[in-house]
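Colleague: I should like to take a close look at a single part of this model and then see how the rest of the chain is arranged around that part. Please write for a reader in the first year of study.

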Amino acid sequence: MVNRALPVLVYDGDCGFCTSCAHRAQRLVRPRCTVVPWQLVDLADLGVSEERAAREVLWVTPPGTVYGGAQAVAKALLSAGGGWAVLGGALRGLPPLRWAAHAVYRLVAANRHRLPGGTPACALSHRDLAGPAHRH
């Protein structure tokens, strides 16, 4: 059970790269949230599908609004305050930076199995990367 009074940052605990990033963010950024792998949380309670949780990092607010990918990262940065919040605000609010953040996030997600800590098990299929809006 997750403390729903705080936002929840949900990541893929089966991916070494994602796990390393989540732990590093907890130490360095210190977002004001609960950080948990999707494999250890009741996704239905958070209003999130397993498919989406496996595809991208998620930020779930206490009322249940879900942000994914680069927007989830921006929300985590915003919650940390200070300089991190400035960066998070820029990534979330300024269209050119928001678009670039989305593109970089998708590039990293597509290649997370090649990045430090990643393994072949971390690889996402092209179908996973497309997301539900692009599926037939």
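In which strand does valine 10 lie? Please begin there and continue through the rest of the structure.

Modeller: Valine 10 belongs to strand S1. The model is a predicted one, and the values below are computed from its atoms.

With a relative accessible area of 1%, valine 10 counts as buried, because the cut-off for that word is a relative accessible area under 20%. Leaving aside neighbours within four places in sequence, the residues in contact with valine 10 are Val36, Pro37, Trp38, Leu43, Leu46, Glu56, Val57 and Leu58. Another residue to compare in position is alanine 54: valine 10 and alanine 54 are 44 residues apart in sequence, while their C-alpha atoms are 9.5 Å apart in space.

The wider setting of the strand may now be described. The protein chain contains seven helices and four strands. Read from the N terminus on, its elements follow the order β-α-β-α-α-β-β-α-α-α-α. The chain has 136 residues, of which 41% count as buried. Among contacts with a separation of 6 or more, 55% are between residues 24 or more positions apart.

One of the residues that valine 10 contacts, Glu56, leads to the charged side chains. Glutamate 56 is itself buried, at a relative accessible area of 8%. Glutamate 56 and arginine 106 form a salt bridge in which the closest N and O atoms are 2.7 Å apart. Glutamate 56 is in the loop between helix H3 (50–55) and strand S3 (58–60), and arginine 106 is in helix H6, so this pair ties together parts that are 50 residues apart in sequence. Glutamate 56 also forms a salt bridge with arginine 52, where the closest N and O atoms are 2.7 Å apart. Arginine 52 counts as partly exposed, at 25% relative accessibility. Arg52, Arg55, Glu56 and Arg106 are linked in a network of salt bridges.

A search of the whole structure finds four salt bridges. One of them brings the reader back to the region that follows strand S1: the side chains of arginine 112 and aspartate 12 meet at 3.0 Å, N to O. Aspartate 12 is in the loop between strand S1 (8–11) and helix H1 (16–28), and arginine 112 is in the loop between helix H6 (95–110) and helix H7 (126–130), so the pair ties together parts that are 100 residues apart in sequence. Arginine 112 and aspartate 12 are both buried.

The loop that follows strand S3 offers a further example. Threonine 61 is located in the loop between S3 and strand S4 (66–68). Threonine 61 is buried, with a relative accessible area of 14%. Not counting residues up to four places away in sequence, threonine 61 touches Arg4, Pro7 and Tyr67. Tyrosine 67 has a charged partner as well: the charged end of lysine 75 sits over the ring of tyrosine 67, at 4.5 Å from the ring centre. As for aromatic pairs, a search of the whole structure finds zero.

The helices may be considered next. Alanine 80 is placed in helix H4 and is buried, with a relative accessible area of 14%. Alanine 80 and proline 31 are 49 residues apart in sequence, yet 4.3 Å apart in space, C-alpha to C-alpha. Leaving aside neighbours within four places in sequence, alanine 80 is in contact with Val29, Arg30, Pro31 and Arg32.

Helix H5 (residues 82–93) has 12 residues, which should span 16 Å at 1.5 Å a residue; the end C-alpha atoms are 17 Å apart, which agrees. Within H5, Ala85, Gly88, Ala90 and Leu91 are buried. The cover over the buried residues of H5 includes helix H4 (70–80) and H6.

Finally, two cysteines may be noted. Cysteine 15 is buried, with a relative accessible area of 1%. Cysteine 33 also counts as buried, at 14% relative accessibility. The structure holds zero disulfides.

To return to the starting point, valine 10 is a buried residue of strand S1. Its contacts include Glu56, and Glu56 belongs to a network of salt bridges with Arg52, Arg55 and Arg106.

Technical notes:
Residues are numbered from 1 along each chain as its sequence is written. This is a predicted model: local features need pLDDT of at least 70, side-chain atom pairs count only at pLDDT 80 or more; totals for chains, interfaces and linings use all residues. Side-chain values use heavy atoms; hydrogens and water are left out. Rings of Phe, Tyr and Trp (its six-membered ring) pair if their centres lie within 6.5 Å; planes under 30 degrees apart count as stacked, over 60 as edge-to-face and the rest as tilted. A charge sits over a ring if NZ of Lys or CZ of Arg is within 6 Å of the ring centre and within 35 degrees of the ring normal. Helices (H or I, at least four residues) and strands (E, at least two) are DSSP runs, numbered from the N terminus. Buried means under 20% relative accessible area, exposed over 50%, partly exposed in between (1.4 Å probe, protein chains only). Contact means heavy atoms within 4.5 Å. A disulfide is a pair of cysteine sulfur atoms within 2.5 Å. The expected span of a helix is 1.5 Å times one less than its number of residues.
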